[in-house]
Amino acid sequence: ECRPAARSPWPYPRWIAHRGAGKLAPENTLAAFRLGASHGYRMAECDAKLSADGVVFLLHDDTLDRTTNGQGLGGDQAWVALSRLDAGGWHSPAYAGEPLATLESVARFCLANGGLLNIEIKPTTGLARETGRVVALEAARLWAQRPGAVPPLLTSFEPEALQGARETQPELPRGLLLETLWSGWLETAIELECQAVICDQDLWEAGNVAQVHQAGLRTLAYTVNETTSVQRLLALGIDGLITDRVDVFPPA
Ligand code: G3P
Ligand code: CA
């Protein structure tokens, strides 16, 4: 008989606000995290990368072009230059002047409001392990200021980034992100002692949900914006849904 592995505690809610509040506010800015919280979302996802001088800040794309008034690679600039950019005006005039957020500023907001955070590590090219180490160290430093707070969930598409995070902060929970089911994905998640596998929503089906649960890990899906998808995933027993539509889905 093959008995399921014991599952570690899972302190996170089912619903997670993607990039703070999806597309309703400029992604990954403090304004977005405030808006997500105002819709009742206790947990948000964010994208963390390193500036040229090692500050952990939030930016989804490699470049600044789409979501700021800057140009070029975000990781090529020092924080002092990044901090002067407008990361809100591209979204709408109401958000003009909204700055890029550091992980520290968002962590402070979450910790002050009982909010939970999923930090996706977006590694500097060629430095996945190092990025994982630095982001994990910074997360641990910030959460240490609030003993007893639920730790952030660290996730990445790059196993090496999770390996780096595990080296410095083995106690912080980890999740492997997947946009395809590449060979050995579940073994990799288990080797990295991940607590969760977070798949593109279309990849989940009954067989792999059962496999992941059997291994004692949680199943999460991104980016779930349609009611029909929500119903399909909940019927499959998916444990967490990352959504842009904080205005549509009550996070109960
Ligand atoms: O963390 C889930 C999701 O955010 C991954 O995709 O491209 O939105 O960072 P992306
Ligand atoms: Ca992300």
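Q: In this predicted model, which side chain is joined to that of Arg-19 by a polar contact of 3.1 Å?
A: Arg-19 has several contacts outside its neighbours within four places in sequence, among them Glu-27, Asn-28 and His-60. A polar contact of 3.1 Å runs from the side chain of Arg-19 to the side chain of one residue, and that residue is His-60.

Q: Is Arg-19 buried or exposed?
A: Arg-19 sits in the loop between strand S1 (15-17) and helix H1 (30-38). Buried means under 20% relative accessible area, and Arg-19 has a relative accessibility of 15%, so Arg-19 counts as buried.

Q: Which residues are the protein donors of the calcium ion (ligand 2)?
A: Along the chain, the donors of this calcium ion follow the spacing E-x1-D-x72-E. Two residues that Arg-19 contacts, Glu-45 and Asp-47, are among these donors. The protein donors lie 2.1 to 2.3 Å from the ion, and they are Glu-45 (OE), Asp-47 (OD) and Glu-120 (OE).

Q: How many residues apart in sequence are the parts that the pair Glu-45 and Glu-120 ties together?
A: Both Glu-45 and Glu-120 are donors of the calcium ion (ligand 2). Glu-45 belongs to strand S2 (residues 43-50) and Glu-120 to strand S4 (residues 116-121), so the pair ties together parts whose separation in sequence is 75 residues.

Q: What is the relative accessible area of Glu-120?
A: Glu-45, a donor of the calcium ion (ligand 2), counts as buried at 4% relative accessibility. Glu-120, which is also a donor of this ion, is likewise buried, and its relative accessible area is 5%.

Notes
Residues are numbered from 1 along each chain as its sequence is written. Chains are lettered from A and ligands numbered from 1 in the order in which they are written. This is a predicted model: local features need pLDDT of at least 70, side-chain atom pairs count only at pLDDT 80 or more; totals for chains, interfaces and linings use all residues. Side-chain values use heavy atoms; hydrogens and water are left out. Donors are N, O and S atoms within 2.8 Å of the metal (3.2 Å for Na, K and Ca); water is not among the atoms, so sites may look incomplete. Helices (H or I, at least four residues) and strands (E, at least two) are DSSP runs, numbered from the N terminus. Buried means under 20% relative accessible area, exposed over 50%, partly exposed in between (1.4 Å probe, protein chains only). Contact means heavy atoms within 4.5 Å. A polar contact is a pair of N or O atoms within 3.5 Å; within protein, one must be able to donate a hydrogen and the other to accept it, and residues adjacent in sequence count only if both atoms are side-chain atoms.
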